Amino acid sequence: MRGADLLMRSLAQSGVELCLANPGTSEMHLVKALDAAPTLRAVLTLHEGVASGAADGWGRMTGRPASTLLHLGPGLANALANLHN
């Protein structure tokens, strides 16, 4: 079992059902593990700000957590712009 599989298992056990993703090439192991996780639904977004905003909206509307999968570095910085909400 790989670390990516363990991460997806941990997310599912924590009640996460949704992962909003804007992955890059260095996150392919996580994408593969996410695709194989039966209880996690992945939604591809076109920008990191959309992923973080949608995860925030999901949490506010449902009361349940969502996760994001983002590019390293600049992708995280783009998503951080939504944290001021």
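Colour the protein chain by burial: buried residues, those under 20% relative accessible area with a 1.4 Å probe and protein chains only, make up 32% of its 85 residues. This is a predicted model, in which local features need pLDDT of at least 70 and side-chain atom pairs count only at pLDDT 80 or more, while totals for chains, interfaces and linings use all residues. Residues are numbered from 1 along each chain as its sequence is written, and side-chain values use heavy atoms, leaving out hydrogens and water.

Next, switch to a cartoon. The protein chain has 4 helices and 3 strands, taken as DSSP runs (helices H or I, at least four residues; strands E, at least two) numbered from the N terminus. From that end, the order is α-β-α-β-α-β-α.

Now show the C-alpha trace, which spans about 35 × 30 × 15 Å along its principal axes. Turn on contacts, meaning heavy atoms within 4.5 Å. Of those in the protein chain with a separation of 6 or more, 68% join residues 24 or more positions apart.

Select E27, in the loop between β1 (18-22) and α2 (28-36). What does E27 touch, leaving aside its neighbours within four places in sequence? E27 is in contact with L69, L70, H71 and L72.

Then add R2. E27 is buried yet has no salt bridge, that is, no side-chain nitrogen of Lys or Arg within 4 Å of a carboxyl oxygen of Asp or Glu. R2 is the nearest side chain of opposite charge to E27, 14 Å away; Lys and Arg count as positive, Asp and Glu as negative, and His and the chain ends are not counted.

Definitions and conventions
Buried < 20%, exposed > 50% of the residue type's maximum accessible area, 1.4 Å probe, protein only.
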